[in-house]
Amino acid sequence: MVDHDDEALARLRASDPATGSHPDLRTLRARIAGKAPDSLGADRATAVPDEVWRGSRAATLPWVAATVALALGMGSGGYVLGARSGEDPGVVAAREADVGPAVDDALPGLSPGAQPVQDMEGSVPASQDGVPTSGGTVEGANYDPGPVRLVAGEGLPEERTTGEVRTLVSALDAEEFLADWARSLGLDGAGVVEADDLWGAGQGLYDPATGRMLSVHAADGGALNYSYEDSYRSPWCREMVPSDEEGRAQMAQEWTDAMGPDVPMPDPANCREVAGETPTPEQAVAAARDFLTGTGVVGEDWDLVAPGWDDPTSGTVAVEGRPADSSFQELTVTVTVGPEGVVSAWGVTGEPTSLGTYPVISPVEAVERHGRREFSVDYGVSIPEDLSWADDGASTSMPYPEYEMPEPTPPEPGMKIPMLIKDKTVTDAELVRGTMWTQTGGSLEVPVWKLLTGDGMHYTVMAVADEAIDWQSWE
Amino acid sequence: MAGSLADDDGPAALAVDTRDAAWFDAFFADHATAVHRYFVRRAARDDAEDLAAEVFATAWRRRDRIPAGFELPWLYRTASYVLANHRRRPTLTLISEYGNEQERHTTRTADPAELVMADQEVRTAMARLSSRDRSVLMLHAWEGMDGEGLAKALGLTRGGAAAALSRARARLRQAWSEDH
């Protein structure tokens with residue numbers, strides 16, 4: 001749930017130090033292979049690049065002793081066989097002993113020893129030339145092993161077009177929405193307390209007798225956020241109050257600041273023991289839909305599903321929903337349903353509202369724009385297909401390619417500096433819709449060029465033309 | 001499919017497919033960039049690759065305990081332990097690099113994430129919060145964690161994570177309002 005009015009959080013997001021960061025996946029994978037050779041599979045031969053073992057990088061691998069390197073035949077571009085077939089088990093054991101226990105000890109609740117390693121014979125075909133293969137039966141997972149530079153292919157359209165930009169706007173009056181919703185839930189009787197800022201979630205209502213809370217928050221000219229909590233029936237009820245004295249004191253102060261000194265803070269002693277069976281997914285969806293009817297903003301046109309990733313010990317089922325065919329990622333609702341009904345719910349409502357028709361650059365221009373940092377990195381756009389799971393359970397819609405990497409380049413005086421990059425030709429383009437975060441204007445749905453390359457991958461670029469962008473700066 | 005918490009003690013708590021090297025390849029492809037960025041945000045950039053590799057090596061060893069559908073939160077939680085261990089390691093400092101007292105006290109005890117934030121106002125506000133609040137906010141703002149994912153990344157129940165995030169956000173607003 002996005003709080004567009006929360007400037008501090010928005011600035012924190014924008015200050016992400018990893019913006020533009022792209023790991024060298026090849027060397028990373030090689031480092032992992034050095035720590036866990038079994039992860040490559042029993043019959044796979046892998047070329048471990050020399051740069052992993054030499055120079056400054058080797059100095060940052062304290063657990064790689066010289067004896068290990070020698071045992072593996074490294075130093076001039078050696079090959080590491082899968083642990084089962086070729087590696088000295090003593091070396092492997094030593095490596096794991098150096099690295100494993102400190103981390104294993106730090107993972108509470110995990111058993112001290114490793115679980116039995118499953119038999120991996122023949123699970124991954126060995127490459128014919130010693131270069132890592134992708135594991136041909138895996139589909140969907142995909143990445144570029146290095147930076148990519150797009151080039152417009154012949155025949156790529158050069159014509160501009162137009163497209164609509166939309167935002168979420170709620171016409172609801174927050175106070176009226178809250179009052180109507182409370183009435184539908186019976187949260188409007190005597191004893192219910194009003195708060196201007198309930199637990200940092202906006203204006204709200206709290207019933208001390210039942211521990212139920214309602215809150216709404218409306219960003220100026222934007223979407224409306226709403227939430228409900230039945231704290232005394234929540235499976236996490238007893239954890240609502242911090243266990244440490246400082247935390248409890250801070251919570252008490254925050255509560256008093258929000259509710260006044262006369263309203264008692266929720267007391268874990270009032271937590272209820274909820275009886276009954278965990279609802280089935282179908283029951284949970286039905287209960288969520290019934291509950292949301294009272295909000296007046298979630299209708300029959302919303303798809304509600306129980307994704308199934310619940311903690312089975314909680315006795316609750318999470319239900320998630322969004323309007324059918326909506327590309328607004330923030331237009332969602334989440335409901336948690338327990339044996340006695342809805343325990344919590346939160347969502348965002350608003351109407352996709354057109355800001356008008358905007359000029360859209362051509363696919364050729366989009367290719368050039370992809371090379372500009374502010375579009376490929378800082379103002380990336382996300383499209384629904386890249387955020388959803390494909391039917392086969394893969395994490396992206398793109399294929400998993402095989403690739404051959406250049407040979408390692410030993411440094412020599414006067415050499416040209418080797419820098420990995422891949423020029424890819426964009427062969428086609430589709431105009432789709434996606435979401436971007438504008439920093440100062442909140443989240444917008446914008447036209448997006450989905451640039452397609454010959455290897456089946458795609459790259460997205462915000463498509464609104466430069467003349468329709470207000471580049472703002474700060475002092 | 002339903003998964004359980006990685007710290008459940010019961011055997012066969014997960015109904016998962018065979019997690020072999022092919023599975024690990026896909027697992028790596030899916031999450032390597034996210035994990036690497038986690039460390040770019042919190043450690044010296046030169047260390048990020050090693051730390052990320054450590055997380056995945058641990059994931060390989062513990063692969064049957066990774067809850068299906070919550071792989072990334074599990075990785076973030078593991079990454080937090082790897083980072084904590086990394087910060088506790090003694091570092092060698094060349095004698096020539098010892099300067100005045102102020103320079104010598106630029107140590108790993110400072111949260112590197114604070115040092116790399118270019119936004120001075122955000123850095124100032126975050127510095128007023130507890131380490132715990134900062135951790136929660138960074139997981140939420142930079143790693144995009146909330147709800148069940150945040151709970152698993154923090155090792156809390158969902159209600160506890162929601163409460164922790166709510167409080168952290170409230171404190172950030174408060175800290176922010178001191179200068180605005």
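**Exercise 1. Work out the strand order of the open sheet in chain A, and find which strands stand at its edges.**

Solution. Start with the order in this predicted model: the 8 strands run β5-β6-β7-β8-β12-β11-β10-β9, and they pair in the antiparallel sense. Now look at the two ends. β5 (193-195) and β9 (302-305) of chain A each have a single partner strand, so one side of each is left without a neighbour in the sheet. As for twist, neighbouring strands are turned by 15° against each other on average, direction ignored.

**Exercise 2. Zoom in on where β8 meets β12 in chain A: how many bridges join them?**

Solution. Find β8 at residues 224-230 and β12 at residues 341-349 of chain A. This antiparallel pair is held over 6 bridges. To see one of the partners, pick Leu224(A): across from it in β12(A) sits Thr349(A).

**Exercise 3. Which strands does each of the helices α6 and α8 of chain A meet?**

Solution. Take α6 (residues 174-185) of chain A to begin with: it lies across β6 (203-207), β7 (212-218) and β8, running at about 155° to β7(A). Then move to α8 (residues 281-293) of chain A, which packs on the sheet and touches β9, β10 (317-323), β11 (333-338) and β12. The direction of α8 makes about 120° with that of β11(A).

**Exercise 4. Describe the make-up of chain B.**

Solution. Count the elements: chain B has 9 helices and 0 strands, so its pattern along the sequence reads α-α-α-α-α-α-α-α-α. Next, check burial: 49% of its 180 residues count as buried. Finally, turn to contacts in chain B with a separation of 6 or more: 61% of them come from residues 24 or more positions apart.

How values were computed: Residues are numbered from 1 along each chain as its sequence is written. Chains are lettered from A and ligands numbered from 1 in the order in which they are written. This is a predicted model: local features need pLDDT of at least 70, side-chain atom pairs count only at pLDDT 80 or more; totals for chains, interfaces and linings use all residues. Two strands pair if DSSP finds at least two bridges between them. Helices (H or I, at least four residues) and strands (E, at least two) are DSSP runs, numbered from the N terminus. Axes are lines fitted to C-alpha atoms, for helices over the stretch in contact, and angles run from 0 to 180 degrees between N-to-C directions. Two residues are in contact if their C-beta atoms, placed from the backbone, lie within 7 Å. A residue is buried if 20 or more other C-beta atoms lie within 10 Å of its own, exposed if 12 or fewer, and partly exposed in between; C-beta atoms are placed from the backbone.
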